[in-house]
Amino acid sequence: MMVNRIMTQNKTVLAAHLDGETVLLHMDSKRYFRLNATAQRIWQLLEQKLDTDAIVEALTTEFEVTADDARAAVVALVADLKQHSLSPS
Amino acid sequence: MSIRARARGAYRLRRWALAELLNGVHTAPPTTEPAAWSDFLQHERCAVLLQQHLKRSGRSEDIGPEAAAVLASAAMRELQRVLSARSQLQLLAELAQQQSARVVVLKGGVALLEGGHTDLLDVDVLSDPPAAAALAERLDIRGYQRHTYGAPRHLEPRFVEGSVHIELHTSLAGLMPHEAVLRTAQPSDGIEGLFRPSPADHIWIMLTHSTQMHPDRRGRLRDLLLIRHAWLSAPASGQADVGARLQAHDQRAILEAMLGVALGTASPRQQRLLERDVPARYLFSARVRALTLRPSARTLVQRAARIIGGSAMADELRISRELSPDAASTIPFVEMLGARVPFLKRSLRQAGRAVGVYLAVLIAWVGRLDHRLAPLVSPTDRVR
């Protein structure tokens with residue numbers, strides 16, 4: 001039995017996607033990071049190279065969340081990812 | 001919880017997980033302590049797959065919060081190793097392309113190439129000896145360290161801190177001719193620059209490696225799942241090829257039992273054949289683990305061996321414990337013995353392993369004594 005594929009376009013970051021969470025490995029620092037279900041979905045949308053507006057729209061469709069809250073979550077996650085050099089592309 | 005009860009609980013979990021993951025039988029998980037979960041997961045190394053299986057069938061909460069925490073923690077460790085192995089494979093692909101070498105990924109690594117999340121402790125790859133030596137040299141240049149042991153089948157493993165090890169195989173002695181595996185290997189779809197064995201060779205290597213090379217872990221769920229996946233993804237011609245090899249093999253019965261259990265088609269006799277040693281293994285490792293919990297008797301045994309006989313004896317003890325009895329030794333006498341009378345070398349290794357266990361018992365006992373005395377020593381005395 002196999003589960004979801006590992007895939008990322010950032011060559012220094014590897015991501016393993018499971019149901020409901022993602023684990024990231026920064027290959028240079030050898031540090032691991034964990035994304036919860038919401039962050040996982042944002043990550044996947046970032047991997048598709050969608051811009052913030054498109055991601056917010058997708059989140060409001062998929063989750064019971066307002067556009068403002070979705071935008072705040074995206075901005076916060078992107079800032080976190082940048083801080084740890086983890087951006088997906 | 002007694003050692004026996006803990007081992008029994010872990011074994012009951014194995015039976016349950018086996019039915020869940022391989023036979024699709026959904027039943028309530030056995031009620032047992034988190035410690036038994038921990039032992040079960042250490043033996044079977046299937047935490048990610050089991051966690052995902054429970055999530056997908058909407059039964060994550062059936063195992064209770066404490067067991068769920070143990071499962072989540074084990075799954076996270078497995079995932080970290082998966083990602084680490086994946087990063088090593090990417091590096092190997094880059095190096096293989098630089099030197100135009102054919103590097104064939106073996107065993108659990110093949111599942112990773114296909115995007116799977118199978119736990120693995122090291123990355124095994126096969127190439128011809130000059131290519132393996134060149135790869136090793138490039139890894140050394142990049143700051144990889146090497147273990148002091150090699151084996152007739154592979155070079156000294158390379159590693160960097162925080163990553164799984166890389167074993168560069170130059171042979172598949174005892175399993176099958178490596179030249180044929182290299183010749184019929186196929187380019188990997190998952191990571192460009194690497195190859196994977198043909199479907200039949202992949203099944204065969206998994207089957208014989210986990211049955212013959214490691215009889216001490218026959219029936220491990222992680223291996224069964226890998227064999228099952230390899231079989232189900234192989235074309236009919238590959239399956240027929242493996243069937244023909246099985247017919248001609250002198251250990252056909254146990255190999256067929258392993259394959260049958262992996263596919264959920266084993267007869268009761270085959271199930272008994274594969275399972276007969278498993279409870280004893282659970283009990284034995286529970287006892288050894290109980291001894292080595294505090295302090296790390298294993299490390300102390302290594303240190304004691306190093307003090308008494310130097311690094312060669314420490315290596316020999318570790319090889320006796322962790323590797324095949326036929327693995328190369330750094331002690332010339334042991335190698336000479338192996339060349340002339342292989343049986344005596346294996347016996348010596350088994351004796352070394354037994355001595356190691358008794359030393360561990362002794363050191364663990366001393367360790368417990370030390371633990372009882374510890375409160376009498378002031379904290380500042382223990383800092384420096």
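**Chatting about chains A and B**

Reader: Hi! How many residues does each chain put into the contact?

Author: Hello! The contact draws 20 residues from chain A and 29 residues from chain B, where contact means heavy atoms within 4.5 Å. This is a predicted model, where local features need pLDDT of at least 70, side-chain atom pairs count only at pLDDT 80 or more, and totals for chains, interfaces and linings use all residues. Residues are numbered from 1 along each chain as its sequence is written, chains are lettered from A and ligands numbered from 1 in the order in which they are written, and side-chain values use heavy atoms, leaving out hydrogens and water.

Reader: Cool, and what area do chain A and chain B bury between them?

Author: About 2300 Å², with 65% of it on carbon and sulfur atoms. Buried area is the accessible area (1.4 Å probe) that two parts lose on being put together, summed over both.

Reader: How many salt bridges are there between chain A and chain B?

Author: The count there is 0, taking a salt bridge as a side-chain nitrogen of Lys or Arg within 4 Å of a carboxyl oxygen of Asp or Glu.

Reader: Which strand gives the largest share of the side of chain A that touches chain B?

Author: That's β1(A), with 5 residues. Strands (E, at least two residues) and helices (H or I, at least four) are DSSP runs, numbered from the N terminus.

Reader: How many salt bridges are found over all chains?

Author: A search of the whole structure gives 20. One of them joins Arg34(A) to Glu21(A), with the closest N and O atoms 2.9 Å apart. Arg34(A) sits in strand β3 of chain A and Glu21(A) in strand β2 of chain A, so this pair ties together parts 13 residues apart in sequence.

Reader: New topic! At what angle do α9 and α11 of chain B pack?

Author: Helix α9 (residues 221-233) and helix α11 (residues 252-263) of chain B pack at about 80 degrees, their axes 8 Å apart. Axes are lines fitted to C-alpha atoms, for helices over the stretch in contact, and angles run from 0 to 180 degrees between N-to-C directions. That makes α9(B) roughly perpendicular to α11(B), a label for angles of 65 to 115 degrees.

Conventions:
Parallel < 35°, antiparallel > 145°, perpendicular 65-115°, else oblique.
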